[in-house]
Amino acid sequence: MIHIPFNKPYMTGRELGYIAEAHANLHLAGDGVFTKRCHSWLERSTGASKALLSHSCTAALEMSAMLADIRPGDEVIMPSYTFVSTANAFVLRGGVPVFVDIRPDTLNLDEQQIEAAITPRTRAIVPVHYAGVGCEMDVIMDIARHRGLTVIEDAAQGVTARYRGRALGAIGHFGAYSFHETKNVISGEGGSLLVNVPEYASKAEIIREKGTDRSRFFRGEVDKYTWQDVGSSFLPGELIAAFLWAQLERADEITLNRLESWQRYHSLLAEFEIEGWLRRPGVPSECEHNAHMYYILLAPHIERQRVLSELKNRGIGAVFHYVPLHSSPAGRSFGRAAGALRNTQELAYRLIRLPLWVGLDATQQGEVVEALRDAIRLAQR
Ligand SMILES: *Cc1c(COP(=O)(O)O)cnc(C)c1O
């Protein structure tokens with residue numbers, strides 16, 4: 001009996017050793033040696049002026065919303081086809097998500113439709129780099145510059161990926177990574193804020209440390225620490241940072257292994273595209289992606305639910321996502337759609353994600369593809 005799970009968290013083998021080290025250091029709260037190692041790795045590899053570990057990408061987005069000073073009624077442009085945290089982080093500050101359609105090739109925010117969604121209340125744009133493929137950031141940054149808007153990259157899926165040579169998350173004013181178990185580089189729950197505007201680095205530290213200048217105090221820059229601004233506790237403890245360090249050390253190998261599996265699916269499924277059964281993901285030439293995900297877009301005459309259940313019967317863990325936010329109960333009450341969102345409405349219901357994890361081998365991928373062939377044949381309307 002075949003059993004190929006949708007996801008399988010990859011362990012590099014050094015996680016427990018580093019956790020034991022943190023334990024022996026008797027420093028369990030945040031911002032110890034492992035957190036510092038993670039920060040410098042992230043800064044070095046992305047070029048961000050400041051990286052700050054957080055509990056999650058959700059927390060990093062919440063910090064970004066505070067840094068961007070989003071206030072009640074401020075509008076924030078974002079795709080509807082994304083995870084709830086993209087919107088929730090701004091709704092928590094009273095912001096209003098304004099949902100814009102996605103491009104059919106990458107399923108990223110359609111940069112050509114941003115201008116039409118801008119109003120006098122617009123304060124920020126939140127591009128989401130879906131599947132670790134970069135949004136058209138040059139165009140987005142130009143619009144933001146002309147209109148005086150803040151750009152916050154939801155780069156939850158984008159660790160190690162690049163757009164025109166620049167790390168995703170390090171192009172806008174702020175960026176947010178996720179180290180959730182389902183992402184490429186993991187710590188169970190975890191994330192990082194990237195601050196790309198140096199003047200905001202110290203405000204970011206204050207927001208993350210309960211509104212205090214504790215980070216400055218520990219660097220010896222002030223002789224006591226006090227309440228400076230609004231903030232919360234967004235930093236992870238050292239055990240999480242120790243685990244994450246084991247993963248960051250191997251981030252490039254993880255990406256390469258995933259890219260190999262991604263490319264194998266891509267070659268095997270070329271024939272399915274010729275058959276007219278599905279469309280494969282598009283990666284613009286300016287993007288170096290990180291193989292976060294392999295998805296397919298089924299042709300309209302193939303019934304998705306049937307394909308998913310046939311795959312399940314054959315022991316293959318395939319899934320779909322997202323219910324577009326503009327059509328969800330909370331999205332309808334907190335936000336609004338800018339235009340008809342035709343691509344979102346259509347493509348969200350045709351997408352399937354195939355198993356992709358470090359260690360997935362060629363035999364297993366062959367099995368996935370053969371099971372998919374059978375499933376599609378049965379699911380033709
Ligand atoms: C995973 C994900 C998040 C949330 O990440 P957490 O670390 O679980 O908070 C946010 N946005 C996108 C696009 C994601 O894929």
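Two strands count as paired if DSSP finds at least two bridges between them. Helices (H or I, at least four residues) and strands (E, at least two) are DSSP runs, numbered from the N terminus. Keep in mind that this is a predicted model, where local features need pLDDT of at least 70, side-chain atom pairs count only at pLDDT 80 or more, and totals for chains, interfaces and linings use all residues. Residues are numbered from 1 along each chain as its sequence is written, and side-chain values use heavy atoms, with hydrogens and water left out.

**View 1. An open sheet made of β10, β12 and β14.** Here three strands sit in the order β10-β12-β14, with antiparallel pairing. At the edges you'll find β10 (278-279) and β14 (351-354), each pairing on one side only. Strand β12 (residues 294-298) joins β14 through four bridges; Tyr 294, for example, has Leu 354 of β14 as its bridge partner. Helix α11 (residues 304-313) packs on this sheet and touches β12 and β14 (contact means heavy atoms within 4.5 Å). The direction of α11 makes about 20° with that of β14; axes are lines fitted to C-alpha atoms, for helices over the stretch in contact, and angles run from 0 to 180 degrees between N-to-C directions.

**View 2. An open sheet in the order β7-β6-β11.** The pairing of these three strands is antiparallel. The edge strands are β7 (166-167) and β11 (287-288). Two bridges link β6 (residues 162-163) to β7, and Tyr 163 has Arg 166 as its bridge partner in β7.

**View 3. The ligand and the residues around it.** 15 residues surround the ligand (a residue is near if one of its heavy atoms lies within 4 Å). Among the closest are Gln 157 and Ser 178. Now look at the polar contacts (pairs of N or O atoms within 3.5 Å). An oxygen atom of the ligand is 2.5 Å from a side-chain N or O atom of Thr 58, and a ligand nitrogen is 2.8 Å from one in the side chain of Asp 154. For Lys 183, the distance from a side-chain N or O atom to a ligand oxygen is 3.2 Å. Taken alone, the ligand exposes 390 Å², and the protein buries 92% of that (Shrake-Rupley method, 1.4 Å probe).

**View 4. Backbone oddities at Tyr 322 and Leu 107.** Most residues other than glycine have a negative phi, and most peptide bonds are trans. The bond from His 321 to Tyr 322 is cis, with omega near -25°. Tyr 322 lies in the loop between α11 and α12 (329-334). As for Leu 107, its phi is positive, near 65°, and its place is in the loop between β3 (96-100) and β4 (122-125).

Conventions
A polar contact is a pair of N or O atoms within 3.5 Å; within protein, one must be able to donate a hydrogen and the other to accept it, and residues adjacent in sequence count only if both atoms are side-chain atoms.
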